[in-house]
Amino acid sequence: MFAGLLMPEARAATPDLTFGDASGIHVESVTRLSARQYNVSVSSAALGRAVDVRILVPSDYSESAARLPVLYLFHGTSGRASDWVTSGEAEQATDGLPLIVVMPDAGFDGNGGGWFTNWVDTQTTLGPSQWESFHVEQLIPWVDANMRTLADREGRAIAGLSQGGFGSTTYAARHPDMFVSAASFSGAPDIDYNPVVAAGATAIIEGTAVGLDGVEPEAMFGSRATNEINWQGHDPADLVTNLRSVDVWLYTATGAAGPYDPPVPNPGAAAIELATHGSTISFVQRAEQQNVQVHLDDYTYGTHSWPYWARDLRQYLVPLMATFGSPPLPPTSVSYESVDKAWTQWGWSVTLDRGADQQFSAIADADRAGFSLQGAGTAVVTTPASYTPGSVMNVTSSGVLGASRTTAIADAEGRLHLTIDLGPDVPSGAVIGVPTMPPGVSSVTIAPA
């Protein structure tokens, strides 16, 4: 009955880890739950209230000096940070692995969850609910500041179940330079591209907001009528080409009774699995259309329940550790698209001066010799540190406004700062299943002066 307590002799043999404030996160309390497991209560202005982060470390973490890869592992709807330990056998599955597992809350107090986005409505009773900012911009650097991590893409992966499977794939699609691998277990990696799937996803997400979170139905992503571009900008299927350099694994079943189900299966678990199966298959079809490689394990027989997710995790850990052991190289040229006004990926930064707060833009085939940029308005592009500081480069641009040639001088870090006129700042509509790119395109070549 006292299995959750750490015995005094074990505590003496393995000193407690300490966790401090960093990256906008304040540590409220730390509880050591077992030799390998910690619960850290943290608060952040991005959320407005405290949430929990469960952390698993290797048994020899305190005795070793090695830096370790990290798996960020998310729960599903109405879940908690503890779910993967109490129900998903994460502690047993990772025993003996040189791996840190970070399992944060993705909702408040086991409510429906925040759907892994910065809410459009920041004035609900739940507060700001800026979940993407918390998880990506604060939690990850906080973990890197407090733990002995491999603090780069090659040492970082992300996975989750159900709503958390959407979370793992949307974060990977929006921030592919941060994760070498991503996995979805019975997840929802398409909430927009397929109109039939989008209708079901809208009902589920808005139902989560109203029925479980107690807020208005359009608080998270906004209205489909007026904020469709925001849905597209967070949909892994719409952004699937961003995932070319991420090792993506998808596990799903149809809801038909499987080996881990009771004699009379739960009809709700069957229905939800069927819905997530449709979302997963739609995502895979979109990936195939765009020639993006993903791994699909459609095991057909199984419901939306923990025994299958525990098995999914055990199976995923095998290729994940192999990937950590021999990570793929970063892309030699960068292609990326986003609806944000400013973004940074793979060392390239783009800031757009345009009327629309959200609108698609894309960089393609970007390397030290040049790139193509599509969008609207005027863009300031900052390159990676690929040039000799102080060197003068010829920059030739050709686009809808004609051709131009200028020079640019690499800054002290070896970066170029270029202003690119993409043409008229015209709005582009957003229709479910039709992610539309503005017509303005500029091709840029860079060469020594």
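**Exercise 1. Is D192 buried or exposed, and what is its relative accessible area?**

The model is predicted, so local features need pLDDT of at least 70 and side-chain atom pairs count only at pLDDT 80 or more, while totals for chains, interfaces and linings use all residues. Residues are numbered from 1 along each chain as its sequence is written, and side-chain values use heavy atoms, with hydrogens and water left out.

Step 1. Take the classes: buried is under 20% relative accessible area, exposed is over 50%, and partly exposed is in between (1.4 Å probe, protein chains only).

Step 2. D192 has a relative accessible area of 0% and is therefore buried.

Step 3. Place the residue: D192 sits in the loop between β7 and α6. Helices (H or I, at least four residues) and strands (E, at least two) are DSSP runs, numbered from the N terminus.

Step 4. List the contacts, meaning heavy atoms within 4.5 Å. Leaving out residues up to four places away in sequence, D192 touches A198, R224, E228, W231, Q232, D235, D238, I432 and G433.

**Exercise 2. Describe the link between D192 and R224.**

Step 1. A salt bridge is a side-chain nitrogen of Lys or Arg within 4 Å of a carboxyl oxygen of Asp or Glu. D192 and R224 form one, with the closest N and O atoms 2.7 Å apart.

Step 2. D192 belongs to the loop between β7 (181–185) and α6 (195–213), and R224 to the loop between α6 and α7 (228–232), so the salt bridge ties together parts that are 32 residues apart in sequence.

Step 3. Both partners are buried.

**Exercise 3. Compile further salt bridges and state the accessibility of the paired residues where given.**

Step 1. The count comes to nine salt bridges.

Step 2. R314 and E89 meet through their side chains at 3.0 Å, N to O. This pair links distant parts of the chain, 225 residues apart: R314 is in helix α9 (residues 306–325), and E89 is in the loop between α2 (83–86) and α3 (90–93). R314 is partly exposed at 38% relative accessibility, and E89 is partly exposed at 36%.

Step 3. R415 and E413 form a salt bridge with their closest N and O atoms 3.0 Å apart. R415 is partly exposed, with a relative accessible area of 25%, whereas E413 is exposed at 55%.

Step 4. A network of salt bridges links E132, R174 and D340.

**Exercise 4. Which strands stand at the edges of the nine-stranded open sheet?**

Step 1. Two strands pair if DSSP finds at least two bridges between them. The strand order is β1-β2-β3-β5-β4-β6-β7-β8-β9, with mixed pairing.

Step 2. β1 (25–32) and β9 (295–301) are the edge strands; each has a single partner strand, so one side of each is left without a neighbour in the sheet.

Step 3. β1 runs antiparallel to β2 (residues 37–44), joined by seven bridges. In this pairing R32 stands opposite Y38.

Step 4. Helix α8 (residues 267–289) lies across β8 (247–256) and β9, at about 140° to β8. Axes are lines fitted to C-alpha atoms, for helices over the stretch in contact, and angles run from 0 to 180 degrees between N-to-C directions.

**Exercise 5. What stands opposite N394 in β17, and what in β19?**

Step 1. β16 (residues 392–399) pairs with β17 (residues 402–409) in the antiparallel sense over eight bridges. The two strands form a hairpin with two residues between them.

Step 2. In β17, T407 is opposite N394.

Step 3. β16 also pairs antiparallel with β19 (residues 440–448), over seven bridges. In β19, A447 is opposite N394.
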